[in-house]
Each structure stands twice: as C-alpha cells, then as structure tokens.
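Trainee: Could you take me closely through a single part of this model, with the residues around it, in one connected account?

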Amino acid sequence: MLKIHHLGHSQSERILWLCEELGVPYDLEKYTRDPVTRLSPPELKALHPLGAAPLIEVDGMLLAESAAIVDFILARYGLGRLQHGPDHPDFASYLYWFHFANGNLQPAMLRSMIVGRCGLAPDHPVQTSVQGRLDQVLALIEARLGQTDHLAGSEFTAADIMSVFSLTTMRLFHPVDLSPRPSILAYLQRIGARPAYRRAMAKGDPDLTPMLT
C-alpha cells in the first residue's frame, strides 16, 4: 500500500488530496514542524537528506517532490482521471497551470515572504520588484479564473491540486490579502466544497481551518 509521509502545514497536503480524489488507499505518517524554526523534524531528515515532505513509499521505493509524486500517482493509479492527454483541447492549458504552481506561484510567494522578513522599506527596489512579481502572478490567476471554473479549463484537474496550497495554507507563513481578487476567492470556495479536499485537510491538518477567504 502507498504510504504518505506528511508534514503538517505543507505542500504534502496535495498528495493526501489527490489520493482522496482518486480513491487511492494510503497509510498516513504525520510529522510536525519544529515550533521555533518551523522546519522539518529529525524523523523526516532521517528519511530524506533535505528533510523533504511530502514523501511517499511504495514497493520499497521512496519518492520526494510533490509534482513528481502527483505525476507518479496519476500514472499508476489515475486511469486517465484528473489530467488531460495530448488529444484533449485543454492539454496545453493543463500542462501550463500544472507547472505554473511550482514554477511561478510558489516561488513568488516564497520570495515575497523572505524579502518581507528583511525589514526593507516599502519603496526599496528589491521589495518593489518582488512584490510586483507576486502581483503579476496573482493577477494572471485572477484573470484565468474569471474566464473558467478551474485552471486547466472547465474540468477540475491535478493542476488545481498543485496550485491551491500556495493560495491557502501558504498564507499561514506569508499573509496575502486576496480580497481584491474575487475570482480567486470564488474559486477557493468551490475548492473548499469538494468532499475530497475536506477529507484530506481533516486527516492531514485537523488543527487547521483551510484559508479559503
């Protein structure tokens, strides 16, 4: 059986959610961040040199990196669900938004968080550059969700699973006001109504109320 090593309040929520959407059974091993550093505990570092989460174990193999894990689970258990193949009209959109999550959205959030903790003046060039990039990224998502219900098009896909963490749980670490972005907020309400998302969050992070507003 698939085993998920889940670090609380982290991108590994993606993997629980994907398995819940697909109905893939799994064992869950939960870990808690260090209360001071907010980093992974030694138990995770013993499994992976970077102390990375999520990690999955299956057939004696250990795999890290959430996007790689999502691809693996879709390939092995997905049976074509939650992804678009090359003949689908939204195939290119699916690929773009799937990779946009870790290629643009999450890095922009992380850069903004790190620079924001440096105590720079609001008009410092580094601060304005980083904030400008995050604004551009969020504006692009807002525009997309103003056109369609989900990132890859009308259908819910793994591109949504990859992206939602940065718009929700990541804001625990770096607050971002989404009130000027009504299409994103409406999207998060639709996501929050999904039974699989609710089950995944309740199992992985029962102490956390999903940040859907």
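Mentor: A good place to start is a charge and a ring: in this predicted model, the charged end of Arg194 sits over the ring of Phe156, 3.7 Å from its centre.

That ring also takes part in an aromatic pair, for Trp17 and Phe156 are tilted against each other, with 5.7 Å centre to centre and 45 degrees between the planes. Trp17 belongs to helix α1, whereas Phe156 lies in the loop between α5 (125-145) and α6, so the pair ties together parts that are 139 residues apart in sequence. Trp17 and Phe156 are both buried. The grouping extends to a tyrosine, since ring pairs link Trp17, Phe156 and Tyr197 into a cluster.

Tyr197 leads us to helix α8, which spans residues 195-204 and in which Ala196, Tyr197, Ala200, Met201 and Gly204 are buried. When one looks down the axis of α8, these buried residues fall within an arc of 130 degrees, so they line one face of the helix. The face of α8 turned away from that buried side carries Pro195 and Arg198, which are exposed. As for what covers the buried residues of α8, the elements include the strands β1 (2-7) and β2 (26-31) together with the helices α1 (13-22), α6 (158-167) and α7 (182-192).

Helix α1, one of those covering elements, also holds Glu20. This residue is counted as buried because its relative accessible area is 10%, and the cut-off for buried is under 20%. If its neighbours within four places in sequence are left aside, Glu20 is in contact with Tyr26, Ala196, Arg199, Ala200 and Lys203. Among these partners, Ala196 and Ala200 are also buried residues of α8, so the contacts of Glu20 reach the buried face of that helix.

To set the cluster in context, the structure holds six aromatic pairs, and one of them is formed by Trp97 and Phe100, which are tilted, with 4.8 Å centre to centre and 55 degrees between the planes. Trp97 and Phe100 both lie in helix α4 (residues 91-116), three residues apart, which is about one turn of the helix. An α-helix has 3.6 residues a turn, so residues three or four places apart point the same way. Both Trp97 and Phe100 are buried. The pair of Trp17 and Phe156, by contrast, ties together a helix and a loop, and the ring of Phe156 has the charged end of Arg194 over it.

Conventions: Residues are numbered from 1 along each chain as its sequence is written. This is a predicted model: local features need pLDDT of at least 70, side-chain atom pairs count only at pLDDT 80 or more; totals for chains, interfaces and linings use all residues. Side-chain values use heavy atoms; hydrogens and water are left out. Buried means under 20% relative accessible area, exposed over 50%, partly exposed in between (1.4 Å probe, protein chains only). Helices (H or I, at least four residues) and strands (E, at least two) are DSSP runs, numbered from the N terminus. The arc is that of the directions from the helix axis to the C-beta atoms. Contact means heavy atoms within 4.5 Å. Rings of Phe, Tyr and Trp (its six-membered ring) pair if their centres lie within 6.5 Å; planes under 30 degrees apart count as stacked, over 60 as edge-to-face and the rest as tilted. A charge sits over a ring if NZ of Lys or CZ of Arg is within 6 Å of the ring centre and within 35 degrees of the ring normal.
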